Amino acid sequence: MGKLKEEHLALSSGIGLAGSSIDYFYEFGENAFEIFTKEIIEAIVKPSKTTAVHWYLNFFQDISSDIHNLKNNVDELEFIFDFIVRTLNEVNLKPDLPLPNFDTCTDEWHEECTCKDTFEQWEKYVIKNAAIVDNLIIHSAFQIIFLDKKFLHDFHLKLADVTECYIDDIQKQHPDFVTPKKRIKRTHFPKWLTNAVFYRDKATCSICRCDLSNLIRTQNTIHIDHIVPLAVFGSNDASNFQLLCESCNTSKGARSTTTSSINTPFWNLESIF
Ligand SMILES: [Zn+2]
Ligand SMILES: [Zn+2]
């Protein structure tokens, strides 16, 4: 197995983005795919590390406009400055810039002092690095959403409507990836994807919960299954897969979208009320 590199993950920012994007999805659903249709089609014909979910998240993540909105809605420079510092810190960007001295400044609106000037240097730095910041926050939000097979199921069911609607265009652009029956064609799974699904699903069949770790007995074949099947316009998007055992994979119908939100918590819930 290729070694995974460790990374700084902007989890706080990512959790915020994941939460608001999921809320929006259930409220507005299909509208969400309109902006990046072209990019999403590229992502779903064969497994790509930038998935349809990444493009969906990209629609909501824009650090430059977040700062712009804060400036319009919040009068407090110090509050916006804290937001910038917290975000930069999370994505591990450490600019060598002077710090404004809000604590000792006596100019309430920072009109005559140097605070505003210092603030603007930080603001400029974030905007210059906006693409890096946005990418890392999207990457981090994906780490959380990828755990949520129930959401992925709903997401890919909606995306299937889009795929069905655009299938002729997809066939024109990617003739090798569409079947004569006008469905996305089965492709091979790259190792990075098989590994990700295997570890996310903790070597356990998503349906019958049997053990597929093969630590003791090695005859258990693992199957990587399309959560929303190709037959119902599901796709090869890297976020549309789950781990199944051979018998569940065989008995899951070609049109069935069975998945499960059963998982192993850090500890079990105790009743507290
Ligand atoms: Zn000041
Ligand atoms: Zn099973």
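Q: In which helix does Asp161 lie?
A: This is a predicted model, so we read places and distances from computed positions. Following the chain to Asp161, we arrive in helix 8.

Q: Is Asp161 buried, partly exposed or exposed?
A: Let's count neighbours: Asp161 has 13 other C-beta atoms within 10 Å. A buried residue needs 20 or more, and an exposed one has 12 or fewer. The count for Asp161 falls in between, so Asp161 is partly exposed.

Q: How far apart in space are Asp161 and Lys46, C-alpha to C-alpha?
A: Along the sequence, these two residues are 115 residues apart. In space, the distance from the C-alpha of Asp161 to the C-alpha of Lys46 is 18 Å.

Q: How many helices and strands are there in the protein, and what pattern do they follow?
A: The protein has 10 helices and two strands. Now read along the sequence, writing α for a helix and β for a strand. The pattern is α-α-α-α-α-α-α-α-α-β-β-α.

Q: What share of the residues in the protein is buried?
A: The protein has 273 residues, and we ask which of them count as buried. A residue passes this test if 20 or more other C-beta atoms lie within 10 Å of its own. Buried residues make up 30%.

Q: Which residues of the largest nonpolar core touch the most other members?
A: It helps to start from a general idea: in soluble globular proteins, nonpolar side chains tend to be buried together. Here the largest nonpolar core has 51 residues. Helix 1 (11–28), helix 7 (130–145) and strand 2 (241–245) are among the elements that give two or more residues to this core. The members that touch the most others are Ile40, Ile44, Ala52, Val53, Leu57, Ile137 and Ala141.

Q: Which residues does Ala141 touch, not counting those up to four places away in sequence?
A: Ala141 is one of the core residues that touch the most other members. Setting aside residues up to four places away in sequence, the contacts of Ala141 are Gly14, Leu17, Ala18, Ser21 and Leu57.

Q: Which residues of helix 2 are buried?
A: Helix 2 covers residues 37–45 and gives two or more residues to the largest core. Helix 3 and helix 8 are included in what covers the buried residues of helix 2. Those buried residues are Ile40, Ile41, Ala43, Ile44 and Val45.

Q: Are helix 4 and helix 5 roughly parallel or roughly antiparallel to each other?
A: Helix 4 (residues 63–73) packs against helix 5 at an angle of about 160°, with the axes 10 Å apart. Angles over 145 degrees count as roughly antiparallel. Helix 4 and helix 5 are therefore roughly antiparallel.

Q: How many nonpolar, polar and charged residues are in the contact of helix 4 with helix 5?
A: From helix 4 come Ile63, Ile67, Leu70 and Lys71, and they meet Ile80, Phe83, Ile84 and Thr87 in helix 5. Sorted by class, the contact has six nonpolar, one polar and one charged.

Q: Is the crossing of helix 5 and helix 6 left-handed or right-handed?
A: The axes of these two helices come within 11 Å and cross at roughly 35°. For helix 4 and helix 5, the crossing is right-handed. Helix 5, however, passes helix 6 in a crossing that is left-handed.

Q: How many nonpolar, polar and charged residues does the contact of helix 5 with helix 6 have?
A: Helix 5 brings Leu77, Phe81, Ile84 and Leu88, while helix 6 brings Cys115, Lys116, Phe119, Trp122, Glu123 and Val126. By class, that makes eight nonpolar, no polar and two charged.

Q: What is the phi of Lys182?
A: Lys182 sits in the loop between helix 8 and helix 9 (191–200), and is partly exposed. Although Lys182 is not a glycine, its phi is positive, at about 60°.

Q: Where is Ala203, a residue with phi near 55°?
A: Ala203 has a positive phi in a residue other than glycine. Ala203 counts as partly exposed, with 16 C-beta neighbours inside 10 Å. The place of Ala203 is the loop between helix 9 and strand 1 (222–226).

Q: Which residues is Thr194 in contact with, leaving aside neighbours within four places in sequence?
A: Thr194 is in helix 9, and is partly exposed with 17 other C-beta atoms within 10 Å. Once the sequence neighbours within four places are left aside, Thr194 is in contact with Phe189 and Ile224.

Technical notes
Residues are numbered from 1 along each chain as its sequence is written. Chains are lettered from A and ligands numbered from 1 in the order in which they are written. This is a predicted model: local features need pLDDT of at least 70, side-chain atom pairs count only at pLDDT 80 or more; totals for chains, interfaces and linings use all residues. A nonpolar core is a set of buried Ala, Val, Leu, Ile, Met, Phe, Trp, Tyr and Cys residues joined through C-beta atoms within 7 Å. Helices (H or I, at least four residues) and strands (E, at least two) are DSSP runs, numbered from the N terminus. Two residues are in contact if their C-beta atoms, placed from the backbone, lie within 7 Å. Axes are lines fitted to C-alpha atoms, for helices over the stretch in contact, and angles run from 0 to 180 degrees between N-to-C directions. Angles under 35 degrees count as roughly parallel, over 145 as roughly antiparallel, 65 to 115 as roughly perpendicular and the rest as oblique. A crossing is left-handed if the near helix is turned anticlockwise from the far one by less than a right angle, and right-handed if clockwise. Ala, Val, Leu, Ile, Met, Phe, Trp, Tyr, Cys and Pro count as nonpolar, Asp, Glu, Lys and Arg as charged, and the others, Gly among them, as polar.
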